[in-house]
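Take a walk through this model, strand by strand and then residue by residue. The sequence and coordinates come first.

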Amino acid sequence: MTPDQPTAARAADLLAALPLSARGTPAAYLDATRRTLRALMERPDLLDGVALERRPGGYARNLLFGGGGISVWAMVWSPGARTAVHDHHCACCFGVWRGAIREVWFRPISAREAVATGDATRPQGYVACMMPTGPNLHQIVNPGSAEAISIHVYGFDHAVHASSVHREYRVVAA
Ligand SMILES: [Fe+2]
């Protein structure tokens with residue numbers, strides 16, 4: 001790091017460049033967002049100076065960047081936190097910045113019901129991207145005893161949509 005290129009400023013520049021890549025093809029957008037997230041996962045001071053909201057037993061969303069149809073959030077996962085089983089109306093990319101989370105995947109069997117198809121632990125540094133046209137029905141859980149933080153890049157304008165969630169599903173036995 002050099003004095004004229006502080007890490008925090010470069011991270012902000014990376015986030016601000018995301019809306020430009022969103023104007024390209026979906027494949028180009030996903031490639032650019034993966035690269036950005038991988039770079040952000042390497043920055044221990046990424047959230048320095050950010051007053052993160054936390055919810056004991058749950059998760060809290062913290063807006064880091066919004067503009068050009070893209071919003072970037074730091075999700076703080078307290079021990080025991082879990083989302084509803086949900087899919088997305090927009091592109092959803094995320095990276096695990098601190099700790100580890102568990103991701104459970106589902107297959108829809110109706111507009112409101114889904115069956116589990118697999119699950120995996122996502123360790124620190126893990127990066128994934130989903131498009132709304134592909135499989136994107138999942139649940140995120142923090143089953144551990146330590147807090148986890150992930151960075152999410154969504155293809156939605158936070159001033160227009162409340163969240164990236166399209167629908168929530170009830171889980172039924174396979
Ligand atoms: Fe999600």
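Start with a hairpin-like entry point in the numbering: E1 and strand E2 (residues 70–77) pair in the antiparallel sense over eight bridges. Strands and helices here are DSSP runs, numbered from the N terminus; a strand (E) needs at least two residues and a helix (H or I) at least four. Two strands pair if DSSP finds at least two bridges between them. Within this pair, Arg 61 of the one strand stands opposite Met 75 in E2.

A word on provenance. The model is predicted, so local features need pLDDT of at least 70 and side-chain atom pairs count only at pLDDT 80 or more, while totals for chains, interfaces and linings use all residues. Residues are numbered from 1 along each chain as its sequence is written.

Now widen the view. E1 and E2 belong to an open sheet of five strands, ordered E1-E2-E9-E4-E7, with antiparallel pairing. Its edges are strand E1 (59–67) and strand E7 (127–130), each of which pairs on one side only. From one strand to the next, the twist averages 20°. Axes for that angle are lines fitted to C-alpha atoms, for helices over the stretch in contact, and angles run from 0 to 180 degrees between N-to-C directions.

Strand E4 (residues 92–98) comes next. Six of its seven residues are buried, so E4 is largely enclosed by the rest of the structure. A residue is buried if 20 or more other C-beta atoms lie within 10 Å of its own, exposed if 12 or fewer, and partly exposed in between; C-beta atoms are placed from the backbone. E4 pairs with E7 in the antiparallel sense over four bridges. There, Cys 92 has Met 130 of E7 as its bridge partner. E4 also runs antiparallel to strand E9 (residues 148–154), joined by six bridges. Opposite Val 96 stands Ser 150 in E9.

Which residues does Ile 151 contact, leaving aside its neighbours within four places in sequence? Ile 151 sits in strand E9. It is buried, because 26 other C-beta atoms lie within 10 Å. Its contacts are Leu 37, Leu 40, Val 72, Ala 74, Phe 94, Gly 95 and Trp 97. A contact means that the C-beta atoms of two residues, placed from the backbone, lie within 7 Å. The C-alpha atoms of Ile 151 and Leu 47 are separated by 10 Å, although the two are 104 residues apart along the chain.

Compare Asn 62, in strand E1. With 17 C-beta neighbours inside 10 Å, Asn 62 counts as partly exposed. Beyond its neighbours within four places in sequence, Asn 62 is in contact with Val 50, Leu 52, Glu 53, Trp 73, Ala 74 and Val 76. Its C-alpha atom is 8.9 Å from that of Val 50, twelve residues away along the chain.

Two contacts of Ile 151, Leu 37 and Leu 40, lead to helix H2. The helix covers residues 26–41; at 1.5 Å a residue its 16 residues should span 22 Å, and its end C-alpha atoms are 22 Å apart, which agrees. The expected span is 1.5 Å times one less than the number of residues. Buried in H2 are Tyr 29, Thr 33, Thr 36, Leu 37 and Leu 40. Seen down the axis of H2, they fall within an arc of 95°, so they line one face of the helix. The arc is that of the directions from the helix axis to the C-beta atoms. An α-helix has 3.6 residues a turn, so residues three or four places apart point the same way. Ala 27 and Ala 28, on the other side of H2, are exposed.

Outside the five-strand sheet order, look at strand E10 (residues 165–171). It pairs with strand E3 (residues 85–88) in the antiparallel sense over three bridges. His 88 has Val 165 in E10 as its bridge partner. Strand E6 (residues 113–122) runs parallel to E10, joined by two bridges. Here Glu 113 stands opposite Arg 170.

Finally, the whole chain. It has two helices and ten strands, in the sequence pattern α-α-β-β-β-β-β-β-β-β-β-β. Of its 174 residues, 29% count as buried. Among contacts with a separation of 6 or more, 73% come from residues 24 or more positions apart. The C-alpha trace spans about 55 × 40 × 25 Å along its principal axes. A compact globule of 174 residues would have a radius of gyration near 16 Å, and the chain has 16 Å, which agrees. That radius is taken over C-alpha atoms; the globule rule is 2.2 Å times the number of residues to the power 0.38.
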